[in-house]
Amino acid sequence: MRYDQDRFEETTHAGIADLERAFEPGKVTWINIDGLGDIEVLQHLAARLDLHPLAIEDVLNTGQRPKIEQSPGYVFICLQAVHHDHERMIRGEQVSLFLGRGFVISVQEEADYDVFEPVCARLRSGRGQIRKSGADYLAYALLDSVIDHYYPVLEAIGAQVEDLEDALLEKPSRDTVLMLHGQRRHLTQMRRFVWPLRDVVNSLLHDSTGLVGSHAKLFLRDCYDHTVQLMDIVESNREVTAALMELYHSSVGLRTNEIMRVLTVITSIFIPLTFIAGVYGMNFAPVSIEGNKLPLNMPELYHPYGYIGLMALMGLIALVQLALFRKMKWL
Amino acid sequence: MRYDQDRFEETTHAGIADLERAFEPGKVTWINIDGLGDIEVLQHLAARLDLHPLAIEDVLNTGQRPKIEQSPGYVFICLQAVHHDHERMIRGEQVSLFLGRGFVISVQEEADYDVFEPVCARLRSGRGQIRKSGADYLAYALLDSVIDHYYPVLEAIGAQVEDLEDALLEKPSRDTVLMLHGQRRHLTQMRRFVWPLRDVVNSLLHDSTGLVGSHAKLFLRDCYDHTVQLMDIVESNREVTAALMELYHSSVGLRTNEIMRVLTVITSIFIPLTFIAGVYGMNFAPVSIEGNKLPLNMPELYHPYGYIGLMALMGLIALVQLALFRKMKWL
Amino acid sequence: MRYDQDRFEETTHAGIADLERAFEPGKVTWINIDGLGDIEVLQHLAARLDLHPLAIEDVLNTGQRPKIEQSPGYVFICLQAVHHDHERMIRGEQVSLFLGRGFVISVQEEADYDVFEPVCARLRSGRGQIRKSGADYLAYALLDSVIDHYYPVLEAIGAQVEDLEDALLEKPSRDTVLMLHGQRRHLTQMRRFVWPLRDVVNSLLHDSTGLVGSHAKLFLRDCYDHTVQLMDIVESNREVTAALMELYHSSVGLRTNEIMRVLTVITSIFIPLTFIAGVYGMNFAPVSIEGNKLPLNMPELYHPYGYIGLMALMGLIALVQLALFRKMKWL
Amino acid sequence: MRYDQDRFEETTHAGIADLERAFEPGKVTWINIDGLGDIEVLQHLAARLDLHPLAIEDVLNTGQRPKIEQSPGYVFICLQAVHHDHERMIRGEQVSLFLGRGFVISVQEEADYDVFEPVCARLRSGRGQIRKSGADYLAYALLDSVIDHYYPVLEAIGAQVEDLEDALLEKPSRDTVLMLHGQRRHLTQMRRFVWPLRDVVNSLLHDSTGLVGSHAKLFLRDCYDHTVQLMDIVESNREVTAALMELYHSSVGLRTNEIMRVLTVITSIFIPLTFIAGVYGMNFAPVSIEGNKLPLNMPELYHPYGYIGLMALMGLIALVQLALFRKMKWL
Amino acid sequence: MRYDQDRFEETTHAGIADLERAFEPGKVTWINIDGLGDIEVLQHLAARLDLHPLAIEDVLNTGQRPKIEQSPGYVFICLQAVHHDHERMIRGEQVSLFLGRGFVISVQEEADYDVFEPVCARLRSGRGQIRKSGADYLAYALLDSVIDHYYPVLEAIGAQVEDLEDALLEKPSRDTVLMLHGQRRHLTQMRRFVWPLRDVVNSLLHDSTGLVGSHAKLFLRDCYDHTVQLMDIVESNREVTAALMELYHSSVGLRTNEIMRVLTVITSIFIPLTFIAGVYGMNFAPVSIEGNKLPLNMPELYHPYGYIGLMALMGLIALVQLALFRKMKWL
């Protein structure tokens, strides 16, 4: 945990005793709880700052839908942050914020990744307006930091969808369709996180508790534009994946059609020819068992040009069929 | 039936005579009617508390859409509760609530399962705020108990959809698609129950009859968040099942395509070869019946390398075809 | 036609002369015109009660969208009623209502079926509140009677959809899909009738002409719930038919896939074997025409174990293929 | 062009000089410009009546979306009218109206068809209220005339869709699907014309310039109902075409399935039999070239009942297969 | 860059020093920055005119969603302009506008194409109202110029979609479907640009900063109509592409069906015939090895009319099958 004011102090791993000394009038205090392991601190804070038990419950039950709740003394914001882990997998975590008069309390679900790193860096360096502004600006900065983390994740999804588009146009396979399905599910999830985000920022913009000043609201409007843009990106990507799924369907349909065409052409040409060859492979005898001549039994077999003639006929049949198929645009 | 106050009394299977003594000023009375078998009690209560006949009709005609009706003296709420029975089948029942000044009347369609069990337990133990609060808090607790019962049912559906997803990716079969269809129908039904639920809670939140105090409203807001979350879960699951159905379609299409490819490759290779074999199975005679030589009739058959040569030719044809199919990426 | 008051009078097939005597202050008059054959009476009434010509036009041009029009002296309601005829076919008819101060005029398109029968019965028997209440309650009762007629029709559609679901899961056929398509069209039509119905009842609920009293409004609210429930039933059924259509598609796709698999397996096993048999059916001669031995021409044919060996080879090929297909899960 | 008042005057092919005399206080003037060839007159009128250049531009640039614009002195309405030409093709044209105090100017895109013919006829005959009412009623009559022209066009589309439905159920062919696609595109276009129409009429209904009197508004409400009904017809037809497209898909799928079944049954029965016949067409010799007996080489061929037995076996195989296919419900 | 007033001055490639002299009371100054290479000028202007840093950031980060932001001293508008490049590819660029009291600053992302060319031309020539009107009219002209650039791009997409429609009806191929997919993606992108455009123009229409006068608002309403029309075009085209995709699917399905029919007919006719020929190609011997007659072994082969009779039988079988297929409407 760390505290910040016009002059800047930072303490990590503070105990409950430190908390008592944390709040100082005229200064901004930020208490950041990394991971949900240390519930005692949170409960101590809740008692000290009169936070509603239902809000605390929401902090602890992860997987909440992003939402905002305005209570007399503070505003409670619940968000879902996403980031890529080391294997480029998408990881989500719940981030809760309490914005009060002169303090911000933030709780992150996971201890091993800090979405607020950029804000910490800015606070430490003293760059920008963050040190000069109040708790509302700090809350904006934290919110903005959560929103900014969506961009690389969505860009990665977008890039993978583009790759899949190329792969689909190249050769549709089971793997591409499964990967497309996977990206689709990611987008469904992102949508669940991003849509309520807009309402959260909008509520904060039209805040009536007086906790958010007009200076911070100017920046929150920018934040709001970002959430709208995120929604826009999610929706376009969803549309593209749906279109790709359809393209894949039509691609498979067309391939099946092509394969069928090849099968049909080859079968149609050779089956009649094979039948003719079969006919002349029949053993109808030119002489009966008693030795009588049977002149009607396959006289072609004993004709000097029988074989040559038949081969020519077969070639002709094949050519006519090829011409027919070409005319039907099957070749 | 049972009555509760600051000190707690509980009576089961009370008769109509008990009802008369049930209402006592300054105390909260909860009358719970299990099953619709005992209409007489309900009608007695309706007359005593001036409940509207149309509301009583709605209680008795099960299968109502969840709704809320605000009358001068009381609020009538009609809900659909769901739970799993012993065979893990989803069972629905209609639950009706009358919230009045100092009393709550609840009617459950089915006698053999009590959705209000957790509330009873809390009342008996005296834990939490429930004993200290008014009838509005009790109504909230009952409403919340109905909503809480949706979670395990929806989670079970979600889990089964996930299982079906794995099964589909593994091997699409008639059974998986039928089970998917079944879950889809469950979700359609859940949607019909959950969407109006939100309106019910919202109406209660903006209640103007003065029956719901600001303390209970704070909790109802939490309830409202839960209904929104339920809707969210239902909608995501519906989206996932729709995507799975599509995945299934494309999966079947792809399998058909693969099968066709195998069929076409095998047929395309062997049919021409069979034709050639058929040609050399023809019985064109080298000698006419009169004994004249017919040198044009299949001289290949009498060539020393005829057989060997033909076999080599056949092998070559097969190899060329395999190469072609490989080039067309059919293998 | 018939007139009703606190004491009850009923006249059928009244002429225009009777109409003059029909209206009596302090009493409620209901004039019901069965069928559009008798336009003269309607026009006489329109002149007498100052009904707008456009409303009369709407009454006569059947096939109107359900709507409501509030004029100073009366409210004009146009509805579509449905019922089953003797062959269980769905029949629709337009029902128009004029609700004025102390009178209700109803016009039914078809003379041979009376949707208002239950109301007539109640009036005749004097049961319920209908005799004690005003014209607004009578209008509510007529409206409710029209709405109640939707339930059996929609239930029949729902039951048939359920039957079709079973039939589809059993064996998808052309007939089931055509019946499904038919039910779908019925639902499309029902939707066109039911959606505006809600607006009609809602307009009546928020009536500002003073023609609808608060007592009748209480019942109209119940009516409104019924229209919402009708919409709900129509929409669920539409969703189910859409899901069934999809299920049907996937069912046909899967069946085609299975058929293809059988075809491919049988063809793949027998075509190579047939080819081999064809090879050994070739007539390559062991001796040339000149009598020279041709030891390279099919020596297998003259081997003592040639036939046995070949049969074994063929069996082996078939077994290997079966094993392969089993491994690919095609069997 | 023609002018109308309480007494009625009509002038055709009037020049600009006539225009000057056209406007007379207390009378209603209607100037109808057929075709966009005579821009000069329009520009003269625009200057005389102070019409905004952007409105004139909209008149001349055909293909506008239907819209309404209220300026201080007049209301500008832009519509798309449709009608059937002689070959029953759907033709659209842009119709623009200027409604001012005491005058209506109408401009039709095409000179060879007059959508306002019914209004002209009524004016000439002096029937109905049209001669007695003001410019607003004339504008309503023109608007209504445009809307009335949609009905036969949409009815023709509806009738063709019904015909296509029958054709599809009979035998799905390329032509029916192309015609269905064509009707679908017509409906898409109609939708673009009809949806904004409602907003136009609605705007006119809630007109605040005072140009539209309450008498005309009564009739405009009827007009509004007509636009809603048109939308309803367009949407139902769109739904029906979508359902038909799906029915067509499933129909084709089912036919393919049936064809496949026939192919598979025939192939499955005859391919094994052909193989067996092929086996006994092999030339394994009973005697080696050296003259030794080879008793293992096809002894069946020399058995007295060999042929009869084999034929019986083949028949048996075919029967077993037929029984199997019947059991699998493929026959 | 160039400056314009009632008398007109134009300066290109002005340095920062020139900027200082640019603003003169009572005149309108337009500073147009082509390309984002020259950030210094922009930052100088931002400092001089008190533009918000977040707005400047939005100017520099291209790919923004179109939006409008109203600050006390100025209005910031961010747009996406599109145009065709030399290879008829669609190119997008971000265009930012600052409209203040007496000045307009425009920033174009790309230096090599000037969407504002028509406005420059009008300014130079002094035609129209542009020189006589204020900065708000200039902003309108620039906005209108951006919107006008959408028309040719959307018309080109529409024309290509029409071409694809013809191609699809002619012969569905992989290329047409890929081109259709490409146009679809273009339309998705256009939609992202066009939808927020309407909100931008609408916000400007209801501007409350006083920077936009009523004269310019009259023209902005025309602009607003254009954005609605653009949306209309985009949506219709999207609908048409979706319908074409479906048409393509059904087209491929129908072709596959036809191919299957040909395959099945040919196979069904020749496979049984080939089997029969195979049977009479069997080598059942009329004489056993021991020299005994085997009269049951294929006596047909020794019948005088055996061959002729068999050929007649085969012809009959083929004819019966053809008749059957014709009856089933497969031919």
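**Notebook: domains, helix packing and chain symmetry**

I began with the domain assignment of chain A, which gives domain 1 as residues 3-251 and domain 2 as residues 252-327. I note at the outset that the model is predicted.

Entry 1, domains of chain A. I looked up the separation of the two domains: over C-alpha atoms, the centres of domain 1 of chain A and domain 2 of chain A are 75 Å apart. I then listed the contact between them and found five residues of domain 1 of chain A against four residues of domain 2 of chain A. On the side of domain 1 of chain A that touches domain 2 of chain A, I recorded two nonpolar residues, three polar and no charged.

Entry 2, helices of chain B. I turned to helix H5 (residues 135-170) and helix H7 (residues 214-279) of chain B, which pack at an angle of about 15° with their axes 10 Å apart. Angles under 35 degrees count as roughly parallel, and H5(B) and H7(B) are therefore roughly parallel to each other. I noted the crossing of H5(B) and H7(B) as left-handed. The residues in the contact of H5(B) with H7(B) divide into 21 nonpolar, seven polar and three charged.

Entry 3, chains E and A. I superposed chain E on chain A and obtained a rotation of 72° with a shift of 0.0 Å along its axis, at an RMSD of 0.1 Å. The two copies are thus related as by a five-fold rotation axis. I asked which C-alpha of chain E is nearest the axis. That C-alpha belongs to E:Gly281, and its distance from the axis is 4.5 Å.

Entry 4, the contact of chain E with chain A. I recorded 41 residues from chain E and 41 residues from chain A in this contact. On the side of chain E that touches chain A, helix H6 (174-205), helix H7 (214-279) and helix H8 (306-327) of chain E each supply at least two residues. H7(E) gives the most to that side, with 18 residues. By residue class, the side of chain E that touches chain A holds 22 nonpolar, eleven polar and eight charged residues.

Entry 5, chains B and C. I repeated the superposition with chain B on chain C, which gave a rotation of 72° with 0.1 Å of shift along its axis and an RMSD of 0.1 Å. In chain B, the C-alpha of B:Gly281 is the one nearest the axis, at 4.6 Å from it.

Terms used
Residues are numbered from 1 along each chain as its sequence is written. Chains are lettered from A and ligands numbered from 1 in the order in which they are written. This is a predicted model: local features need pLDDT of at least 70, side-chain atom pairs count only at pLDDT 80 or more; totals for chains, interfaces and linings use all residues. Copies are superposed by least squares on the C-alpha atoms of residues with pLDDT of at least 70 in both. Two residues are in contact if their C-beta atoms, placed from the backbone, lie within 7 Å. Helices (H or I, at least four residues) and strands (E, at least two) are DSSP runs, numbered from the N terminus. Ala, Val, Leu, Ile, Met, Phe, Trp, Tyr, Cys and Pro count as nonpolar, Asp, Glu, Lys and Arg as charged, and the others, Gly among them, as polar. Domain bounds come from an automatic or database domain assignment. Axes are lines fitted to C-alpha atoms, for helices over the stretch in contact, and angles run from 0 to 180 degrees between N-to-C directions. Angles under 35 degrees count as roughly parallel, over 145 as roughly antiparallel, 65 to 115 as roughly perpendicular and the rest as oblique. A crossing is left-handed if the near helix is turned anticlockwise from the far one by less than a right angle, and right-handed if clockwise.
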